[in-house]
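These are my notes on a structure I went through one topic at a time. The sequence and coordinates come first, then the entries.

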Amino acid sequence: MGLFDKFTKTTPAAPSAPAAAAAAPAPVAPSGSGSLLMTKKVVKGESALLTRKAGGGDQVTLITTWGNKDYDLYALVEYQDGHVEVVSCFGTVRRPNDYSPKTRDGNVVHVTGDQKASVGQRNLPQEVITIKVTPQMRCIVPVVYSAKNSGTGSFYRYRVSTYVIRGIHSEVPKDGSAETISVDAVNANRDDNVYTFVPAIIHVTPQGARIEAVELYSRRSSELRPTVKGGVVTMDNGEENSNK
């Protein structure tokens, strides 16, 4: 039956969240209206839990979409033993050729880059990372990045949105075929000189994958990578991204 049998939305500051989680999701408009079915939207300070279903086949797809600009999606994968692997298609200034589009265990894979797909009523550029969740993982951190040499322009201006979807997909589902958790661009940073964005952290827990909307941004003009330790992300703490 797939990775998770349901998802619920929680807000850490609200004590009554567990009671609300027990309620069934409200019906969503049919796809003919242009709405995405079975979608939960979370903003900074909120999280959504994709509840684990007993059995195997733990797979999710991470997709980021944007407007007319060159963005890249990569991921930091932290394991329970503390080591971190970066899934990307480019390296750093110090090690420009040291990168890999997948983790050593092959469970997190950067599938496509700068490929257009239909999202709602629009065709948007997107990048896709597939994830086979394992107990050895602590968390997966999606990172959206636009290099200085791609020009200025804010994450809000170009409507950068991120989706975590049950199962393996080539684009954001429009037909209700899969549960989707999204961090939309509604509250995105409007600074044209900010280049790195961490929309969420996907925490691997015994209950399932908890998608925490963190909406973290780099300092102005910084191209230093974020780091993760113990499930906590620190911006501008890693190596500088190479030019692409």
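**Entry: disulfides**

How many disulfides does a search of the whole structure find? I ran the search on this model, which is a predicted one, and the count came back as 0. I then looked up the accessibility of two cysteines. Cys-139 has a relative accessibility of 0%, so I put it down as buried. Cys-89 is at 42% and therefore goes down as partly exposed.

**Entry: strand β13**

Next I took strand β13, residues 208–217, and asked how enclosed it is. I find 7 of its 10 residues buried, so the rest of the structure largely encloses this strand.

Which strands pair with β13? I noted two partners. Strand β3, residues 47–52, runs antiparallel to β13 and is joined to it by 5 bridges. In that pairing I see Leu-50 opposite Ala-209 of β13. Strand β12, residues 196–205, is also antiparallel to β13, with 8 bridges between them. β12 and β13 make a hairpin, and 2 residues separate the two strands. Here Thr-205 faces Gly-208 of β13.

**Entry: the largest pocket**

I moved on to pockets and recorded a volume of about 460 Å³ for the largest one. Its lining has 20 residues, and those closest to the pocket centre are Val-84, Glu-85, Val-86, Arg-95 and Arg-225. Two elements give two or more residues to this lining: β6 (84–87) and β14 (227–229). The largest share comes from β6, with 3 residues. I sorted the lining of the largest pocket by class and got 7 nonpolar, 6 polar and 7 charged residues.

**Entry: salt bridges**

Side chains of opposite charge can pair when their charged atoms come close. I counted 10 salt bridges in the model and wrote up three of them.

I began with Glu-85, since it had already turned up among the residues closest to the centre of the largest pocket. Its side chain forms a salt bridge with that of Arg-104, at 3.4 Å from N to O. Glu-85 sits in strand β6 and Arg-104 in the loop between β6 and β7 (108–119), so this pair ties together parts 19 residues apart in sequence. Are the two partners buried or exposed? Glu-85 has 9% relative accessibility and so counts as buried. Arg-104, at 69%, counts as exposed.

The second pair is Arg-94 and Glu-239, whose side chains meet at 2.8 Å, N to O. This salt bridge links distant parts of the chain, with Arg-94 in the loop between β6 and β7 and Glu-239 in the segment after β15 (232–234), 145 residues apart. Arg-94 is exposed, with a relative accessible area of 61%. Glu-239 has 22%, and I list it as partly exposed; the cut-off for buried is under 20%.

The third pair is Arg-166 with Glu-179, where the closest N and O atoms are 3.1 Å apart. Arg-166 belongs to strand β10 (residues 161–166) and Glu-179 to the loop between β10 and β11 (180–183), 13 residues apart. I have both Arg-166 and Glu-179 down as buried.

Which residues do salt bridges with shared partners join into one network? I list Arg-94, Arg-95, Asp-98 and Glu-239. Of these, Arg-95 was also noted among the residues closest to the centre of the largest pocket.

Methods:
Residues numbered from 1 in each chain as written. Predicted model: local features only at pLDDT ≥ 70, side-chain atom pairs only at ≥ 80, totals over all residues. Heavy atoms only, no water. Disulfide = S-S within 2.5 Å. Buried < 20%, exposed > 50% of the residue type's maximum accessible area, 1.4 Å probe, protein only. Helix = DSSP H or I, 4+ residues; strand = E, 2+ residues; numbered from the N terminus. Pairing = 2+ DSSP bridges. 1 Å grid on protein atoms, 1.4 Å probe; cavity = no way out; pocket = protein on both sides within 12 Å on 5 of 7 lines; lining within 4 Å. Points joined across faces, edges and corners; volume = space filled by probe spheres on them. Nonpolar A, V, L, I, M, F, W, Y, C, P; charged D, E, K, R; others polar. Salt bridge = Lys/Arg side-chain N within 4 Å of Asp/Glu carboxyl O.
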